Every structure is written in structure tokens, then in C-alpha cells.
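Here's a walk through one protein chain, going from the overall fold down to a couple of individual residues. Have the viewer open and follow along.

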Amino acid sequence: MVGEGGEAIIYALGGGRVAKVFKTPDHPDFAADASARAAAELRLDEHQTKLAAFPVPAPPRLVAPSSVLRDEGGRVVGYAMPFIDGADLLIRYGERSFREGRVPDAAVCALFRDLHATLVAVHRAGIVVGDLNDLNILARGSEAWLIDADSMQFGGYRSRVFTERFLDPALAAAGVSRPVLDRPYDEAADWYAFACLLMQSLLYVGPFGGVYRPRSAAERVAHPARPLHRISIFHPDVRYPKPARPLAILPDALIEHFRGVFEAGRRGPFPADLLTTLHWTACARCGLTHARGSCPACRAAAPVSPLPARRVRGTVTATRVARAPGPILAARFSADRLCWLATGPDGLVREDGSVIGAFVTGRHSRVRLRTDATFLGKAGGFAEYRGGPLGVETVTERLAGSAAFDANDRHVYWMADGALWRDQATGPDRIGDVARGESAFWVGAQFGLGYYRLQELTVTFVFHARARGLNDGVRVPRLTGQLVAAGAAFSDDFCWYFRETREQGRVARSLAVVAADGAVVATVASEDGDAPWWAGLPGACAAGTHLFVPTDDGIVRLTVGDGAVRVTADFPDTEPFVSGGQRLLPGPGGIHAIAGSDILRLQIR
């Protein structure tokens with residue numbers, strides 16, 4: 001098993017192929033949902049003929065079925081298809097933490113030019129993608145590959161699945177509180193989703209992001225319903241999210257096209273010339289990257305002097321403690337020393353001036369730092385760099401799964417050959433066995449947490465940072481659907497473990513607080529549109545029983561106690577210095593925030 005979605009499980013077959021096996025109606029994921037069981041039954045019945053009828057030859061970049069899979073009774077249960085190795089899900093291109101300093105805007109535009117050509121070819125072949133979203137497009141260099149061919153629409157076979165954020169409101173049911181597919185897909189729906197995906201990838205915000213705060217209570221609309229009312233980021237009562245890039249970096253023609261699609265209901269193929277004429281440059285004065293004839297920031301206001309190294313806002317004092325030559329990719333305190341890695345003119349730069357070299361972009365780009373070493377993920381494993389200001393002295397390569405490694409001040413840990421390993425002076429030390437396939441883990445100073453997934457079984461485990469053995473009795477809520485993101489923040493005693501999944505077109509998030517002995521102290525779950533701190537969890541930091549989460553309104557403090565997680569404080573005076581897309585670090589003297597190429601120490605009185 002190498003992956004799982006809401007409707008199927010993916011298995012490696014070898015020889016550059018994978019198998020997609022559909023979940024049956026009796027799968028545990030559907031146990032509490034009669035409509036999901038009925039949909040699974042309908043899906044299997046339809047695929048008895050649909051898969052074999054898929055148009056051939058398939059357009060380039062469309063991962064089509066190469067053969068069907070049958071059970072012992074001859075019933076179609078799935079299909080085999082080519083494996084697209086070395087690719088990222090397109091959802092990553094909408095994340096600042098993934099893109100900044102790694103994937104330039106020109107590469108994103110090249111990718112979307114390829115996707116544009118693929119959509120034209122798909123439509124010419126009589127196929128409508130239908131549920132075009134950021135989880136069924138694989139990005140590999142400038143190539144955009146469409147997957148989930150079984151859900152596409154062609155001939156007499158309709159597509160019935162949808163993703164709320166990319167569903168054309170023109171096809172949605174009326175009088176509902178959130179988008180629900182009500183009419184058959186058409187080519188225009190694919191181009192609507194294309195525009196959503198392009199905006200998200202260029203600006204780090206979708207067309208209906210931000211917070212809608214109308215002047216009148218009578219005008220309030222639930223967040224999921226905003227597409228149905230055309231309340232987009234262009235609406236004057238929508239607060240534009242701070243982590244997003246400014247709209248003004250785009251040329252007027254592209255902005256007006258987005259406005260026409262999301263506000264005026266314009267439909268039709270995306271104009272190809274808006275992509276081919278898009279050229280990016282960095283302003284020589286302020287450094288802003290934009291696609292206009294002149295810098296929108298410098299044109300809008302006179303140049304201002306650099307921000308002072310120390311600023312005060314109410315109860316908060318913000319002091320700049322580090323400034324890197326480019327975007328900071330990772331930072332942490334190791335032995336009370338601030339360590340960081342940033343992009344520079346000659347490669348990756350450590351805080352002591354060491355130049356590591358070119359960065360490995362893509363899904364293998366996990367970074368971990370210590371005072372004495374830099375760990376960079378790369379295809380098939382990771383590399384450990386050691387050296388000083390005069391250059392890297394030693395490089396050690398280790399095999400591991402994709403991004404399947406982590407490090408603390410004492411050891412580096414990795415997954416390989418069905419086991420979790422730790423480095424020792426005497427050589428690799430086997431901590432315990434884990435299943436091959438879909439798995440991940442994280443480690444703090446005292447203990448670590450991870451999971452592996454085997455069909456309907458998801459095993460969550462903890463392990464001591466300096467001892468052997470895994471405790472696989474961690475009882476976090478069952479994982480269902482397609483895992484979109486996961487992460488963990490550690491204090492000495494607790495791990496705050498968060499997950500984001502997508503199932504039946506919706507995004508769901510969960511947070512579990514796990515003690516070092518594996519006891520689940522508290523859990524909480526949410527969906528789109530709830531408290532804004534959910535979106536800030538990937539950048540949160542933990543201390544004691546608290547979790548500090550960045551939001552556009554400042555830092556929010558969560559506290560675990562009495563079996564529950566509660567918001568126990570917010571710090572609005574931190575608002576000028578943090579945003580929901582930033583990362584926070586615990587450190588001496590206060591919380592630290594990574595802000596582009598700066599690191600700020602925030603001291604709250």
C-alpha cells in the first residue's frame with residue numbers, strides 16, 4: 001500500500017505501475033454513512049463497464065487505466081495504471097512554506113501552461129474531468145498529470161464526485177448552506193476549477209479565502225456558502241488573508257479575468273495568452289516579485305526606511321534577532337543557539353555563513369537543523385551536511401522513504417526496510433518495526449510520534465527519543481479519507497498531533513494531544529470555516545501544556561487540561577508581527593516568529 005483516498009486504496013505493483021482498488025460498501029470508512037455506502041455500491045456497479053470504455057488513446061498527461069483488476073468471481077474491483085514517480089500533489093503549490101525559495105513563479109506558470117494544453121486535449125477527446133481539484137493533479141517539473149480517471153465524465157457516464165472549493169457554483173443546488181453538485185458537469189466547470197487552482201498557486205489564497213465581515217448581521221453568510229453568493233476576495237467586506245501575496249502583483253488582465261469568473265459568473269476556456277504573456281521579475285528597489293510593468297509596491301507609496309530592529313506594540317516588544325540573505329526555509333533553537341537555513345545568491349546558507357549548495361525541491365525537501373549539522377531530504381532518502389564557514393566538510397547519504405526522517409539535538413531518525421532507525425556512534429540502531437507504505441513520523445527532544453496505514457487499519461505509535469521499542473497502542477480517532485497534511489509540535493511532555501483530510505469533497509481537521517506514554521489526553525475536530533487557529537496549526541509551537549498558534553489576528557494560546565483543549569488566551573498586540581501562514585519557535589526570551597528573511601523575538605508582558 002502506498003496511498004489511500006476517500007474511495008480507494010493504491011498499491012504498488014512494480015514495473016512502474018500501481019493498482020487502484022475501490023473500497024467496497026462494507027469498508028469501515030462507510031460504516032456510519034448510509035449515503036457513502038450507497039455511493040460505493042453505485043460506483044462499483046458502474047465500473048463494471050465504465051473502465052473498459054475509457055476513451056483510447058488517452059490524451060498525454062492523463063493517467064488512464066491500463067488494465068482492469070477483477071476478483072476471483074470476475075467482478076471489476078479496480079484498475080492498474082502507470083506510476084508517476086517524483087511528483088507532488090498540486091495542493092503543495094498553494095502553500096507558501098513549500099513554494100517560497102524553492103519553486104519560482106515561472107515554473108508554476110509553465111506547469112499551468114501544460115495543464116491548459118492537457119485540458120484542451122481532454123475536452124477534444126470527449127472527456128470532462130468534472131472533479132478537477134488540487135489532489136488529482138500531479139506536478140513534476142513543468143508536467144501536470146491528471147489522475148483519478150475513473151471519476152471523469154465521458155459518453156453516458158456521469159461524474160458524481162465533487163470538491164466544494166472547486167465546484168462551479170452554476171452546477172450547485174439552490175437553497176443550500178454549502179455547495180453540492182446538482183447538475184451534470186460540463187467543460188466550463190473544468191475551466192472554472194482551473195482558474196481556482198491558478199489563483200491558489202500564484203497567490204496562496206483561493207477565490208473565496210479570507211474572512212467575510214459584513215457591516216450588517218442580515219448579510220452574514222456561512223463561509224462554505226460564499227461561492228454560492230459570489231462573495232469572493234474581491235468583495236469589499238472580505239478581509240484579505242495576510243499570508244497571501246497581494247493581488248496587485250498580477251497584471252490587470254489576469255485580475256480582471258479572475259474577477260469576471262468569481263464575481264460576474266463569466267465562463268468559458270481560460271485565455272491561454274494570460275499565461276504565455278505572464279513574465280515575472282523582482283523589483284530592484286524593494287525585492288517584491290511581480291508580473292507587472294512596474295513594481296506595484298513602489299508605485300503605490302514612496303520608499304520608506306527599513307523597519308527598525310526593535311518595535312513595540314502595546315504589551316508586545318518585537319526584536320529582530322536574525323536577518324538572512326533570502327527566504328528562511330527552516331529555523332530552530334539547538335542547544336539555545338538559533339539555527340536557520342535560507343536561500344542565498346550562491347545556494348543554501350546557514351546562520352554561520354556555511355553554503356550548502358543547491359536545494360532539492362519537491363516532495364523530498366524536508367529540512368532539519370542542529371548546531372553541528374544540516375539534514376536535507378532528497379529522492380530516496382536524505383543527506384547530512386557537516387561543516388563550518390569555510391565549506392561543507394562531510395556529506396553522509398542515507399536511504400529513507402520520501403521525507404521519512406527527522407532529527408533532534410541528539411540523534412537523526414529515519415524509516416527504511418520496514419523499520420524505524422536512529423543513528424548511534426556504533427552505527428544505525430533499530431528502534432522498532434513499521435509497515436512499508438504510507439507512513440510518517442516526527443520527533444521532539446524527549447519522544448516521537450508516527451503512524452503507518454494498512455488498508456482500513458491506521459496504527460499510531462510513540463517511541464522514546466533515546467531507547468528502543470515502539471508503543472503502538474495510541475488511540476487517536478480513526479483516520480478516514482485522503483490524508484492531505486499532518487504534523488506535530490512537541491513539548492517535553494506532550495505532542496500536539498494535527499491532521500487534515502479530504503473526504504466527499506470536504507476538508508476536515510483534527511487535533512490530538514498525546515502524552516509521552518502514548519495516552520491520548522484530549523482530541524478536538526473541526527471543518528472548514530471554524531476558528532481561524534485551525535489554519536495556523538502547521539506553524540504552531542508547544543511549551544508545557546500550551547500550544548501557541550499564529551493567526552492573522554495575532555497569536556492564540558491553546559491549553560490542554562481536564563480532557564479538553566481550550567483557547568485560554570489571545571494576544572492581539574502580536575498582530576503586526578505574525579500571520580496565519582508563519583512559523584513560530586519556542587526559544588529563550590520569548591516566542592520567535594519567522595517572517596520572510598527575518599526572525600523576530602516576541603516578548604509579551
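What follows is a report on this chain, which is a predicted model.

**The whole chain**

Let's start with the big picture. The chain carries seven helices and 42 strands. Its C-alpha trace covers about 65 × 60 × 50 Å along the principal axes. A compact globule of 605 residues would have a radius of gyration near 25 Å, and the chain comes in at 24 Å, so the two agree. As for burial, 53% of the 605 residues count as buried. Contacts also reach a good way along the sequence: taking those between residues at least 6 apart, 52% join residues at least 24 apart.

**The five-stranded sheet and K20**

Now zoom in on an open sheet of five strands, ordered β1-β2-β3-β5-β4 with antiparallel pairing. Its edges are β1 (3–4) and β4 (67–70), and each of these pairs on one side only. Inside the sheet, β2 (residues 8–14) runs antiparallel to β3, with six bridges between them. One spot to look at is I9, whose bridge partner in β3 is V21. Helix α1 (residues 34–50) lies across β3 and β5 (76–82), and its angle to β5 is about 60°.

Strand β3 (residues 17–22) is also where you'll find K20. Is K20 buried or exposed? Its relative accessibility is 7%, which is under the 20% cut-off, so K20 counts as buried. The side chain of K20 makes a polar contact of 2.8 Å with the side chain of D150. Beyond its neighbours within four places in sequence, K20 is in contact with a list of residues that includes A8, I9 and I10, L69, V77, G78 and Y79, plus D148 and D150.

**Two helices, side by side**

Two of the helices make a handy pair to set out together.

| Helix | Residues | Length | End-to-end C-alpha distance | Expected span | Buried |
|---|---|---|---|---|---|
| α3 | 105–124 | 20 residues | 29 Å | 28 Å | 14 of 20 residues |
| α4 | 187–203 | 17 residues | 25 Å | 24 Å | 16 of 17 residues |

For α3, the ends sit 29 Å apart where 1.5 Å a residue gives 28 Å, so the span agrees with what a helix of that length should have. With 14 of its 20 residues buried, α3 is largely enclosed by the rest of the structure. Helix α4 is likewise close to its expected span, at 25 Å against 24 Å, and it is mostly covered.

What follows each helix? After α3 comes G126, with a positive phi near 85°. After α4 comes Y204, and its phi is positive too, near 65°.

**A four-stranded sheet**

Further along the chain there's another open sheet, this one with four strands in the order β24-β25-β26-β27 and antiparallel pairing. Strands β24 (405–407) and β27 (427–433) each have a single partner strand, so one side of each is left without a neighbour in the sheet. From one strand to the next, the twist averages 25°. Strands of a sheet pair through backbone hydrogen bonds, either parallel or antiparallel. Here β26 (residues 419–424) and β27 take the antiparallel option, over six bridges. Look for Q424, which stands opposite G427 in β27.

**The β32–β33 hairpin and R499**

Last stop: β32 and β33, which form a hairpin with three residues between them. Strand β32 (residues 482–490) pairs with β33 in the antiparallel sense over eight bridges. Within that pairing, L483 stands opposite T501 in β33.

R499 belongs to β33 (residues 494–503). Its relative accessible area is 6%, so R499 is buried. Which backbone oxygen does the side chain of R499 reach? That of P477, at 2.7 Å. P477 also turns up among the residues that R499 touches outside its local stretch of sequence, along with V476, R478, L479, L483, A485, A486, A508, R509 and S510. R499 and P538 are 39 residues apart in sequence, and their C-alpha atoms are 9.6 Å apart in space.

Technical notes. Residues are numbered from 1 along each chain as its sequence is written. This is a predicted model: local features need pLDDT of at least 70, side-chain atom pairs count only at pLDDT 80 or more; totals for chains, interfaces and linings use all residues. Side-chain values use heavy atoms; hydrogens and water are left out. Helices (H or I, at least four residues) and strands (E, at least two) are DSSP runs, numbered from the N terminus. Buried means under 20% relative accessible area, exposed over 50%, partly exposed in between (1.4 Å probe, protein chains only). A polar contact is a pair of N or O atoms within 3.5 Å; within protein, one must be able to donate a hydrogen and the other to accept it, and residues adjacent in sequence count only if both atoms are side-chain atoms. Contact means heavy atoms within 4.5 Å. Two strands pair if DSSP finds at least two bridges between them. Axes are lines fitted to C-alpha atoms, for helices over the stretch in contact, and angles run from 0 to 180 degrees between N-to-C directions. The expected span of a helix is 1.5 Å times one less than its number of residues. The radius of gyration is taken over C-alpha atoms; the globule rule is 2.2 Å times the number of residues to the power 0.38.
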